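Reader: I am new to this structure and would like a close look at a single part of it. Could you take one strand and the loop after it, and then work outwards to what surrounds them?

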Amino acid sequence: MNCIDNPLDGKVALVTGAARRIGAEIVRQLHRAGMDILLHYRHSHAAAEQLQLDLTARRRDSVTLVQADLQDMRALDNLVHRAEAWKGRLDLLVNNASNFYATPLATAGEAEWEDLMGTNLKVPFFLSQAAAPLLRANRGCIVNLVDIHAERPLAKHPIYSIAKAGNAMLVKSLARELGPEIRVNGIAPGAILWPSEELPEKVKSEIVARTALKRAGTPADIARTVLFLVQDAGYISGQIIAVDGGR
């Protein structure tokens with residue numbers, strides 16, 4: 001896909017972890033731009049189904065759902081096969097699915113390592129590998145959701161920070177491996193959505209105070225950046241855009 005010249009109407013995107021939060025907003029933005037969406041979810045069936053209903057009410061057969069545990073390697077090939085069987089093509093892979101939680105060094109164990117390295121690094125690598133032939137056929141794109149903590153580790157989250165650092169290098173490595181047919185870029189969100197575990201207001205205020213814009217961002221800020229990378233950035237590959245308010 002020569003993203004800078006061609007319209008997105010009829011193009012197909014696979015978005016992982018797409019039922020809620022940032023993933024759902026990415027789906028909405030790409031759908032508004034004309035793309036058909038293979039919407040992956042793991043547990044959030046009700047949210048995924050509602051999002052599908054909302055979007056297919058605007059355009060029939062434009063969103064299909066697929067439930068999978070991405071850490072089951074067999075599921076990755078199945079996602080790609082589903083895209084091919086549905087529309088006969090794949091133009092964009094958004095590696096959004098991620099686990100995030102604290103793993104203090106004193107108590108972190110192998111299970112947490114395998115889980116966080118799996119969702120944040122192993123899965124994006126092998127899903128990109130599986131999707132590459134279909135993406136190459138359509139000169140497609142890959143966009144990874146990285147994290148600002150890939151460069152500045154988050155206290156009490158060493159495994160997550162290490163995994164996201166690997167994800168950042170994955171973006172650069174895949175851009176080299178998959179070019180020139182496939183462009184690969186990343187987005188590193190800052191203070192966009194607060195973690196599901198409640199943060200004290202003082203901590204939130206301190207985080208926002210570190211940004212140049214002195215405010216938190218929104219999922220729409222991330223989704224618009226995805227759209228830019230897909231639609232308007234035909235000569236950008238191997239780059240990671242920090243969407244962090246100037247933090």
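Author: A good place to begin is Asn-96, which lies in the loop between strand S4 and helix H4, where helices (H or I, at least four residues) and strands (E, at least two) are DSSP runs, numbered from the N terminus. The model is a predicted one, in which local features need pLDDT of at least 70 and side-chain atom pairs count only at pLDDT 80 or more, while totals for chains, interfaces and linings use all residues. Residues are numbered from 1 along each chain as its sequence is written, and side-chain values use heavy atoms, with hydrogens and water left out.

Asn-96 is buried, because its relative accessible area is 13%, and buried means under 20% relative accessible area, with exposed over 50% and partly exposed in between (1.4 Å probe, protein chains only). Leaving aside neighbours within four places in sequence, Asn-96 is in contact (heavy atoms within 4.5 Å) with Thr-16, Gly-17, Ile-22, Gly-23, Ile-26 and Leu-145.

Strand S4 itself (residues 92-95) is covered on both faces, since Leu-92 and Val-94 on one side and Leu-93 and Asn-95 on the other are all buried. S4 runs parallel to strand S1 (residues 12-15), and three bridges join the two; two strands pair if DSSP finds at least two bridges between them. Val-94 of S4 is the bridge partner of Val-15, and in S5 the bridge partner of Val-94 is Val-143. The pairing of S4 with S5 is again in the parallel sense, over four bridges.

These strands belong to an open sheet of seven, with parallel pairing and the order S3-S2-S1-S4-S5-S6-S7. At its edges are strand S3 (63-67) and strand S7 (240-243), each of which pairs on one side only. Neighbouring strands of this sheet are turned against each other by 15 degrees on average, direction ignored; angles run from 0 to 180 degrees between N-to-C directions, and axes are lines fitted to C-alpha atoms, for helices over the stretch in contact.

Leu-92 also appears in the largest nonpolar core, a set of buried Ala, Val, Leu, Ile, Met, Phe, Trp, Tyr and Cys residues joined through side-chain atoms within 4.5 Å. This core has 35 residues, of which Val-15, Ile-26, Leu-30, Ile-37, Leu-39 and Leu-92 touch the most other members. S4 is among the elements that each supply at least two residues of this core, as are S1, helix H1 (21-32) and strand S5 (141-145), while the largest share, six residues, comes from H7. Leu-30 touches, among others more than four places away in sequence, Leu-92 and Val-94, and also Val-226 and Leu-227.

The helix on the far side of the loop, H4 (residues 110-137), meets helix H3 (residues 73-87), their axes coming within 9 Å and crossing at roughly 35 degrees. The residues of this contact divide into 10 nonpolar, no polar and three charged, where Ala, Val, Leu, Ile, Met, Phe, Trp, Tyr, Cys and Pro count as nonpolar, Asp, Glu, Lys and Arg as charged, and the others, Gly among them, as polar.
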